[in-house]
Amino acid sequence: MDPLLVITNSDAGTADDATLQRALAVLRDHTSVEVQATANPGELDGVLHRAGSRRIVVAGGDGSLHAVVAALHRRHDLSKAVLGLLPLGTGNDFARGVGIPLDLEEAATVLVKGQVTPMDLIVDEVGQIVVNSVHVGAGANASRRGHRWKGRLHSVGVGKVNLGKLGYPLGALLTAWNPPVLRLHVEVDGVVVNDLDTRVLMVALGNGSSVGGGTELTPGADPADGRIDVMVSRATGLFARFRFAARLGLGTHEEAEEVSALRGREVSVSGEQFWISADGEISGPERHRTWHIEPAAYSMVLPAG
């Protein structure tokens, strides 16, 4: 088995060091393992510079995986990289979608016995990447509010025992009550899916199937099929929003009349100012953004079969 470089982020997720050590013990039974903790992009870039030919294992959640993939993409090293994942995040949506066990010792066994699989990547016109999911409208606004409240509530408590985890549910609750409703022009592979005369609640692009710790926003998304799954919700009225939320919880939202679900290789969104949430990273406001799929952009060790 190839040597491994395990990258951790002490500021992300709900990492339990004792659990991580047991997973590392599984790996060390089969190969040499170096662990490097990074706290900022500069440190991460330095660690990746010294990675050499080793396989890179991300010990973290979707945000940590996004950071490593983005750094490798900027360095033009992504296409030759083989990544692994030990899911230590809060939501672990990408791991859920590709079948990586959330139990760390089981995930370590996947790294030993799994198979190397080509993975797609979503990239926008300015070179920003998306590993799992990107959305605009209500979802992005909920994430933006959640980030703010997470920061405020993080100081209520001692150390890791604080109220920071309540930030995202609170952000979602506030957004559900008063969401942004946007006039957006949406095209998929050059075909107009929504025009400016129809307001939308949200537009979601999925490389992976779920967000928020298991909510299947784009349930059919597969990060190895060469397509972006697109979901456009026009559930803008009060009752329509709650109906959409209920259907979303049941996984039947794509069947609703006010929802469009389709697949494509390129998606363009323009119109009123909107915020973007890409793998939980918030940016904006923007008036135009185009994303395309890059098939087999990198490789990852996934469960065999």
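Which residues form a nonpolar patch on the surface? Let's look at this and some other close-ups. The model is predicted, so local features need pLDDT of at least 70 and side-chain atom pairs pLDDT 80 or more, while totals for chains, interfaces and linings use all residues. Residues are numbered from 1 along each chain as its sequence is written, and side-chain values use heavy atoms, leaving out hydrogens and water.

**View 1. A nonpolar surface patch.** Leu238, Phe239 and Phe242 form this patch, together offering about 350 Å² of accessible area (Shrake-Rupley method, 1.4 Å probe, only the protein chains shown counting as cover). Patch members have over 30% relative accessible area and no salt bridge (Lys or Arg side-chain nitrogen within 4 Å of an Asp or Glu carboxyl oxygen), with nonpolar side chains joined within 5 Å and like charges within 9 Å. Phe239 lies in helix H8 (residues 238–250); helices (H or I, at least four residues) and strands (E, at least two) are DSSP runs numbered from the N terminus.

**View 2. Asp189 in its loop.** Asp189 sits between strand S10 (182–188) and strand S11 (191–194), and has a positive phi of about 50° although it is not a glycine. Its relative accessibility is 42%, so Asp189 counts as partly exposed (buried is under 20%, exposed over 50%, partly exposed in between; 1.4 Å probe, protein chains only).

**View 3. Asp279 in its loop.** Here the loop runs between strand S16 (266–278) and S17. Asp279, also not a glycine, has a positive phi of about 55°, and counts as buried because its relative accessibility is 10%.
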